[in-house]
Amino acid sequence: MGETLHGFLFADLVGSTAQWDTDPVSMSGALKRHDSLAHAAVSDAGGVVFKHSGDDLCAVFDSPSQRQSPPPQSSASWSKILCRGCT
């Protein structure tokens with residue numbers, strides 16, 4: 001039986017606890033948008049979300065290269081997630 005390599009993604013929103021404490025209404029909307037974009041980006045890159053709790057997300061891909069080289073539309077989605085609030 002041969003071995004198979006898979007790619008994994010573990011994501012967490014940095015600073016979200018403080019944001020929940022200061023502005024829970026905005027954070028609720030932001031988290032819904034994050035979830036939608038994150039799930040779409042993982043799916044677009046051929047991955048599957050296997051755990052989602054609060055602002056944590058875990059996904060698996062058939063190969064490590066899938067996770068490292070998502071299609072352009074996924075890159076745009078991840079950029080939207082990562083740069084929310086960037087100046």
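Trainee: Where is the place of Leu-13 in the chain?

Mentor: Keep in mind from the start that this is a predicted model. A residue is best placed by naming the elements on either side of it, and Leu-13 sits in the loop that runs between strand E1 and helix H1 (16–22).

Trainee: Which residues does Leu-13 touch, not counting residues up to four places away in sequence?

Mentor: Leaving out such neighbours, Leu-13 touches Met-27, Leu-31, His-34 and Asp-55. A second way to read its surroundings is by C-alpha distance: Leu-13 and Gly-54 are 41 residues apart along the chain, and their C-alpha atoms are separated by 9.5 Å.

Trainee: Before going further I would like the overall layout; how many helices and strands does the protein chain have, and which pattern does it follow along the sequence?

Mentor: The protein chain has 4 helices and 3 strands, and reading along the sequence gives the pattern β-α-α-β-β-α-α. Among contacts between residues at least 6 apart in sequence, 57% join residues at least 24 apart, and buried residues make up 26% of the 87 residues.

Trainee: What is the order of the strands in the sheet?

Mentor: The order in the sheet need not be read from the numbering, so look at the pairing. Here the 3 strands form an open sheet in the order E1-E3-E2, with antiparallel pairing. E1 and E2 are the edge strands, each pairing on one side only. Neighbouring strands of this sheet are turned by 15 degrees against each other on average, with direction ignored.

Trainee: How many bridges join the strands, and which residues stand opposite each other in E1 and E3?

Mentor: Take the two pairings in turn. Strand E1 (residues 7–12) pairs with E3 in the antiparallel sense over 6 bridges, and within that pairing Phe-10 stands opposite Cys-58 of E3. On the other pairing, E2 and E3 run antiparallel and are joined by 5 bridges. There Lys-51 stands opposite Cys-58 in E3, His-52 has Leu-57 as its bridge partner, and Ser-53 stands opposite Asp-56.

Trainee: What links E2 to E3 at the turn?

Mentor: E2 and E3 form a hairpin with 2 residues between them, and Gly-54 in the turn has a positive phi of about 60 degrees. Asp-55 also has its place in this loop, between strand E2 (48–53) and strand E3 (56–61).

Trainee: Is Asp-55 buried or exposed, and how far away is the nearest side chain of opposite charge?

Mentor: For a charged residue, I would read burial and charge partners together. Asp-55 is buried yet has no salt bridge, and the nearest side chain of opposite charge, that of Lys-51, is 11 Å away. A polar partner can be looked for separately, and here a polar contact of 2.3 Å joins the side chains of Asp-55 and Ser-16. Leaving aside neighbours within four places in sequence, the residues in contact with Asp-55 are Ala-11, Asp-12, Leu-13, Ser-16, Leu-31 and His-34.

Trainee: In which helix is His-34 found, and why is His-34 called buried?

Mentor: His-34 is found in helix H2 (residues 24–44). The cut-off for burial is under 20% relative accessible area, and His-34 is called buried because its relative accessible area is 8%. Its side chain also has a polar contact of 3.1 Å with the side chain of Asp-35. His-34 has already appeared in the contacts of both Leu-13 and Asp-55.

Trainee: Why is His-39 described as partly exposed?

Mentor: His-39 also lies in helix H2, but its relative accessible area is 32%. The partly exposed class runs between the 20% and 50% limits, so the value of 32% places His-39 there. Not counting residues up to four places away in sequence, His-39 touches Val-49, His-52 and Leu-57. Recall that His-52 and Leu-57 are bridge partners in the sheet. From C-alpha to C-alpha, His-39 and Ala-59 are 9.1 Å apart in space and 20 residues apart in sequence.

Trainee: What is the relative accessible area of Ala-38?

Mentor: Ala-38, which has its place in helix H2, is buried with a relative accessible area of 1%. Its C-alpha atom is separated by 9.1 Å from that of Val-49, 11 residues apart along the chain.

Key:
Residues are numbered from 1 along each chain as its sequence is written. This is a predicted model: local features need pLDDT of at least 70, side-chain atom pairs count only at pLDDT 80 or more; totals for chains, interfaces and linings use all residues. Side-chain values use heavy atoms; hydrogens and water are left out. Buried means under 20% relative accessible area, exposed over 50%, partly exposed in between (1.4 Å probe, protein chains only). Lys and Arg count as positive and Asp and Glu as negative; His and the chain ends are not counted. A salt bridge is a side-chain nitrogen of Lys or Arg within 4 Å of a carboxyl oxygen of Asp or Glu. A polar contact is a pair of N or O atoms within 3.5 Å; within protein, one must be able to donate a hydrogen and the other to accept it, and residues adjacent in sequence count only if both atoms are side-chain atoms. Contact means heavy atoms within 4.5 Å. Two strands pair if DSSP finds at least two bridges between them. Axes are lines fitted to C-alpha atoms, for helices over the stretch in contact, and angles run from 0 to 180 degrees between N-to-C directions.
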